[in-house]
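Student: I'm new to this one and would like a close look at a single part. Could you walk me through the sheet and what packs on it, then show me how the rest compares?

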Amino acid sequence: MRINLKHYINGEWVDSTGSEKEDVINPATEEVMGTISMGTKEDLDRAVAAARAAFPYFSQTSKEERIEMLEKIAEEYAKRKDELIDVMTDELGSPLKISEKVHYNMGYAHFSQAAKSLKDFKFEEDRGGHTVMKDSVGVSGLITPWNFPTNQTSTKIASALAAGSPVVLKPSELTPFAAIILAEIIDAAGVPKGVFNLVNGSGEVIGDGISSHPDIDLVSFTGSVGVGTKIMQNASHTIKSVSLELGGKSPLVVLDDADVEVAAKTAVNNIAMNSGQVCSAATRVLIPASMKESFEEAVKNVLNKFPVGNPREKSFVGPLVAQKQWDRVQSYIEKGIEEGATLLAGGTGKPEGLETGYYAKPTVFTDVKNDMTIAQEEIFGPVMSIITYDTVDEAIEISNDVVYGLAGYVVGQDPDTLKKVASSIRAGRIVVNNAAPDFAAPFGGYKQSGIGREWGDHGIDEFLETKAILGFPS
């Protein structure tokens, strides 16, 4: 049982000015695993004031000082590996293997990569007739989601600190404890007072407060399109910068020369990893019509290799994060059946023997049309839609026929066709043949998937303003 009723403000753990508390539920057991204090407007004001006071000093620190800081944070982060894995398994329901190989490793990689990217980053460039300088944007408000408690939080923090921007972080109240450990890590790394602040709380109080606060210069948010829209509206009153990483309905285009078994495993992994609670997951699988029967059979066989169960046992798929999320996923499965898609695997309800916990059946629909609800809206659960196509051009057209554009995936062999499809999908990140992650590569979306980019030097640039100086003495 974890009890943490304090916020991290100006280098200290302080009591909330309010009395409201929130229980955190373990989604595998449906039992309370901890309690946090819900912050108030006054708590947020204190955190923003601390960040604002730190800005004049911190924004003028040297690149070398900030590199050393990020490397020290990464060093302290590594010391807390076991605890981070443990807490993410409890608060998110992430299987132990995924908590380590995905969540823990991604958090470490962002701090490490930010330090590497900073070494070659140019804050001043002479262009002959003028000089271009990059200045810290100011105080940044970070609002992070529940589905990746270290990845999304670490990439925002690392990029902001690399840019010389003090931050105020509001993590999700569903998965707050990984962020609390991150605050302890940052404190142990000796980050100056006021540079990093954490206030737990609700979206209505702390989230809205961050996006509308007059002393916050940039808000960086990861989450739903609906909340992203509200943040843009709030931010417009003070014309603050906004960086948004929102939803996705990403296509996986299987080419006719692809290995069917590899394609099936790639497809299933996309909906199984993190229980499908991944904004960039390939939930629409586009296959040649001629491959339909063999692919469907391969998918059914592969599903058996991704067991659902207790995240502390040998499972690959854990529970969904909360009852509300489970209900949402069930409603989409019901909608798919109602609209005439064929249920190839899974379905409504919980897997046999898993009555306790927010477990959902990995579900695969076939005979899906791209205008169906399950092919157009983000489900955020282990649900796949199989759509057939006749030509590569049709596959590209279907891929782009959604309001989202976060990611895309292509599996095949012919280099020219792979390049054509990858370059034609209107999305911010395309993965060809299961390419390994590259934390220096930018991450972000087209269309309603967001504004701006994270990761590597592009992530750092998001927290900077550009200044042109003409007539600068040589």
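Tutor: Start with helix H11, residues 323-338, which lies across three strands: E15, E16 (363-366) and E17 (383-389). Against E16, helix H11 runs at about 25°. Keep in mind that this is a predicted model.

Now look at the sheet that those strands belong to. It is an open sheet of 7 strands, and reading across it you meet E15, E16, E17, E14, E13, E19 and E20 in that order, with mixed pairing. Strand E15 (342-345) and strand E20 (429-432) stand at the edges with a single partner strand each, so one side of each has no neighbour in the sheet. From one strand to the next, the twist averages 25°.

Let's zoom in on the end with E20. Its pairing with strand E19 (residues 407-411) is in the parallel sense and takes in 4 bridges. If you want a spot to click on, try Val410, whose bridge partner in E20 is Val432. As background, strands of a sheet pair through backbone hydrogen bonds, and they can do so either parallel or antiparallel.

For the antiparallel kind, go to strand E2 (residues 6-9) and strand E3 (residues 12-15), which are joined by 4 bridges and run antiparallel. Here His7 has Val14 of E3 as its bridge partner. This hairpin of E2 and E3 has 2 residues between the strands, and Asn10 takes a positive phi near 55°.

Now for a place where helix meets helix. Helix H2 (residues 63-79) and helix H5 (residues 151-163) have axes that come within 9 Å and cross at roughly 155°. That angle makes H2 roughly antiparallel to H5, and the crossing is right-handed. On the H2 side, the contact is made by Arg66, Met69, Leu70, Ile73 and Tyr77, while H5 brings in Ser154, Ala158, Leu161, Ala162 and Ala163. Sort the residues of this contact by type and you get 8 nonpolar, 1 polar and 1 charged.

One last stop is the loop between helix H1 (41-58) and H2, where you'll find Thr61. Is Thr61 buried or exposed? With a relative accessible area of 9%, Thr61 is buried, because anything under 20% counts that way. Thr61 and Glu124 are 63 residues apart in sequence, and their C-alpha atoms are 15 Å apart in space.

Methods:
Residues numbered from 1 in each chain as written. Predicted model: local features only at pLDDT ≥ 70, side-chain atom pairs only at ≥ 80, totals over all residues. Heavy atoms only, no water. Pairing = 2+ DSSP bridges. Axes fitted to C-alpha atoms, helices over the stretch in contact; angles between N-to-C directions. Contact = heavy atoms within 4.5 Å. Parallel < 35°, antiparallel > 145°, perpendicular 65-115°, else oblique. Left-handed = near helix turned anticlockwise from the far one by under 90°. Nonpolar A, V, L, I, M, F, W, Y, C, P; charged D, E, K, R; others polar. Buried < 20%, exposed > 50% of the residue type's maximum accessible area, 1.4 Å probe, protein only.
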